[in-house]
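Me: Can you walk me through how the strands and helices fit together here? Short answers are fine.

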Amino acid sequence: MSPKELLEKYKNGEISLTEALEKFPDRGIEEMGFATIDTDRLSRTGLPEVIYASGKTVEQVKQIALRMVEKGIDLLATRATPAMFEAIQEVVPDAHYNELAQTITYKHHETEVPATYIAVVAAGTSDLPVAEEAVETAQFLGNRVEKIYDVGVAGIHRLFHRLDVIRRARVIIVVAGMEGALASVVGGLVDKPVIGVPTSIGYGANFEGLSALLSMLNSCASGVSVVNIDNGFGAACQASLINKLE
């Protein structure tokens, strides 16, 4: 229950002052022993609590997911395995799994989305797991998304073919491995914020995404910001905040 809802209930006489005060000290904290869920994150930051599943056991992910759903929190788990999804389905039957993105999602209610949209632009098919993580996250956060895939600089005419869709976006996420040049190219063609996501795709000198990261950080195109290697989730969170600015 949000602070506003709590105070409204007190104002309307639905709960006593003592009951209202009892709920405030623990607001935002749900202790589970092995995890502490931030139940107030959405109202505080505009972004909800999310499960980063990598490194957690199947049972831990299952129990966290169940507790979140019971508390009325929409569910997003990233870097989740098929085994984790099967376990969550036992307690949240309507959960959805995107195997490519490795995300598990469940929403209690669909929310109204802005008329504006986020464009997710991926350089190559090998970059799609990261791009799909960005797409799933952005949609979960209540955004329209347009996908523009396999338009890397090795065949740059493919990018120009979809440039009108990219330019109409409110914010653009560019996902690229190898040398990571696509973020700079897009940044030089649009008047919207560009969020670069370097991926770990590439041969040895790519250094598991480090070369793409450095290329994007050293971009000479104005308006390009960069998140960490393979961090489609982080890019989508930033893009969502931008897309929902009044």
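Me: What order do the four strands of the open sheet come in?
Reply: The order is E3-E4-E6-E5, with mixed pairing. Strands (E, at least two residues) and helices (H or I, at least four) are DSSP runs numbered from the N terminus, and two strands pair if DSSP finds at least two bridges between them.

Me: Which strands sit at the edges?
Reply: Strand E3 (51-52) and strand E5 (96-98), each of which pairs on one side only.

Me: Anything I should know about the model itself?
Reply: It is predicted: local features need pLDDT of at least 70, side-chain atom pairs count only at pLDDT 80 or more, and totals for chains, interfaces and linings use all residues. Residues are numbered from 1 along each chain as its sequence is written, and side-chain values use heavy atoms, leaving out hydrogens and water.

Me: Back to E5. How many bridges join E5 to E6, and do they run parallel or antiparallel?
Reply: Three bridges join E5 to strand E6 (residues 103-106), and the two run antiparallel. Asn98 stands opposite Thr103 in E6.

Me: New topic: which residues of H4 meet H5?
Reply: Val58, Val61, Lys62, Ala65 and Leu66 in H4. Their partners in H5 include Met84 and Ile88, where contact means heavy atoms within 4.5 Å.

Me: And by class?
Reply: That contact has nine nonpolar, no polar and two charged residues. Ala, Val, Leu, Ile, Met, Phe, Trp, Tyr, Cys and Pro count as nonpolar, Asp, Glu, Lys and Arg as charged, and the others, Gly among them, as polar.
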